[in-house]
Amino acid sequence: MNPFLDWCFKYLFGTEENKPNLIGFLNLMLMPQSPIVDVEFMNNESLPSSPDIKECVFDIVCKDQNGDRYLIEVQNGKMIEIKDRIIYYTCRLMDRMGKRGSGWNYSDIKRVYTICLMNFTFESNPKLRRDIQLYDIDDNTLFSDKINIIMLQLPCLKAESLGECKANYELLLYLLKERQAGMKTIDELKQEIANTTLPQKTKEVFYRVLDTADVGSLSEKDQMRYESALKNYLDTMSCIEYATVKVREEGKAEGKAEGKAEGLAEGKAEGESMAKASIAKSMKAEGMDVALISRYTGLPVEQIEAL
């Protein structure tokens, strides 16, 4: 299966039966001094305190035995505002720790870790992993460890074998990308793992993730869910690709007609807006979830509901 599809990733790492996969994922990503031994899944909907505030629907959110929070997001479609979105989601998760009454104080705030896996790059000089914390600008000292954001730009992982990976978390990303590409079988990937000098406990994490990602191991009901998720993803990507080409052509045509650079920019912006609305309307007519439409088009849920 393609592990980066919305349903697939949640199945692999966001279900009770596959909780060991999530614990292994977090330990590989964070390498904490005291390993995470258990997590509790939390409500992935963050309802706003006012109807005027945007609602958040997280992919996977949980807390560990110490109360620290973890938010894992997967983004397949390119999003210009991805940094702002991740900051907003992180703050909303921290905000949920606040309690009414005099018994709560700020010292009750636990650490929040947000891990965002992106199948695109968001900067001109991208790197695979960026770790963001709150630092003092003048002396470059850590101000607080309560907010931790990890941005993973998956196209930057160029490894063609486990041996080319430089860190344990890269090994996991490599395996997930190989399952996405479908060029190697699960048995071939397991053999690669067996040939490494990794600790047996780490190997077992990788083996389990691969076994869970085997479409053949899915129940009939889950196979239907997977096929539906795959179809929705392919249809969405096809619509976005078509709209991108059309918008580019229309923007160039309008820019040439006006003979000005601003004509191209205005034409492209207007075309993008119309294309997104058209795509969203078509996806909605097909019965796709409004939150999913918003994820792929970048349009607000309220605008999609009004279409």
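**Figure 1. M31 and N140, two residues with positive phi in the loops of a predicted model.** With a relative accessibility of 56%, M31 counts as exposed, because a residue is called exposed when its relative accessible area is over 50%. M31 sits in the loop that runs between helix 2 and strand 1 (39-41), and although M31 is not a glycine, its phi is positive, at about 45 degrees. N140 is likewise not a glycine, and its phi is positive at about 55 degrees. N140 belongs to the loop between strand 7 (129-135) and strand 8 (142-153), and with a relative accessible area of 58%, N140 is exposed.

**Figure 2. The chain as a whole, as background to the closer views that follow.** The chain holds 10 helices and 8 strands, and it has 307 residues, of which 41% count as buried. If one considers the contacts between residues at least 6 apart in sequence, 58% of them join residues that are at least 24 apart.

**Figure 3. The nonpolar cores, with I72 and its contacts.** The largest nonpolar core contains 51 residues, and the residues with the most contacts inside this core are F25, L26, I72 and L117. Helix 4 gives the most to this core, contributing 7 residues. A second core, separate from the largest one, has 20 residues, among them M79, I82, I109 and V112. When residues up to four places away in sequence are not counted, I72 touches F9, L22, F25, L26, D59, I60, I115 and L117; in this list F25, L26 and L117 appear again, which were named above among the residues with the most contacts inside the largest core.

**Figure 4. Helix 2 against helix 4.** Helix 2 (residues 19-30) packs with helix 4 at an angle of about 130 degrees, and the axes of the two helices are 7 Å apart. Helix 2 and helix 4 are therefore oblique to each other. On the side of helix 2 the contact is made by F25, L28 and M29, while helix 4 contributes N168, Y169, L172 and L173.

**Figure 5. Helix 2 against helix 6.** Helix 2 and helix 6 pack with their axes 10 Å apart and at an angle of about 130 degrees, and they are therefore oblique to each other. The crossing of helix 2 and helix 6 is left-handed. P20, N21, G24 and L28 of helix 2 make the contact with T202, V205, F206, R208, V209 and T212 of helix 6.

**Figure 6. Helix 4 against helix 6.** The angle between helix 4 and helix 6 is about 20 degrees, and their axes lie 11 Å apart. That angle makes helix 4 roughly parallel to helix 6, because angles under 35 degrees count as roughly parallel. The crossing of these two helices, helix 4 and helix 6, is right-handed. Helix 4 takes part in the contact through N168, L171, L172, L175, L176 and R179, and helix 6 through F206, V209 and L210.

**Figure 7. The buried side of helix 5, with a closer look at I186.** In helix 5 (residues 186-194) the buried residues are I186, L189, E192 and I193. These residues cover an arc of only 120 degrees around the axis, which puts them on the same side of helix 5. The buried residues of helix 5 pack against helix 4 (168-181) and helix 6 (200-212). One of them, I186, has a relative accessibility of 12% and so counts as buried, since the limit for that term is under 20%. Leaving aside neighbours within four places in sequence, I186 is in contact with R179, L210, A213 and D214. I186 and D211 are 25 residues apart in sequence, while the distance between their C-alpha atoms in space is 7.7 Å.

**Figure 8. A277 in helix 8 and its contacts along the chain.** A277 is found in helix 8, which spans residues 261-285. Not counting residues up to four places away in sequence, A277 touches L299 and L307. A277 and T297 are 20 residues apart along the chain, and their C-alpha atoms are separated by 8.3 Å.

Technical notes. Residues numbered from 1 in each chain as written. Predicted model: local features only at pLDDT ≥ 70, side-chain atom pairs only at ≥ 80, totals over all residues. Heavy atoms only, no water. Buried < 20%, exposed > 50% of the residue type's maximum accessible area, 1.4 Å probe, protein only. Helix = DSSP H or I, 4+ residues; strand = E, 2+ residues; numbered from the N terminus. Arc of directions from axis to C-beta. Contact = heavy atoms within 4.5 Å. Core = buried A, V, L, I, M, F, W, Y, C linked by side-chain atoms within 4.5 Å. Axes fitted to C-alpha atoms, helices over the stretch in contact; angles between N-to-C directions. Parallel < 35°, antiparallel > 145°, perpendicular 65-115°, else oblique. Left-handed = near helix turned anticlockwise from the far one by under 90°.
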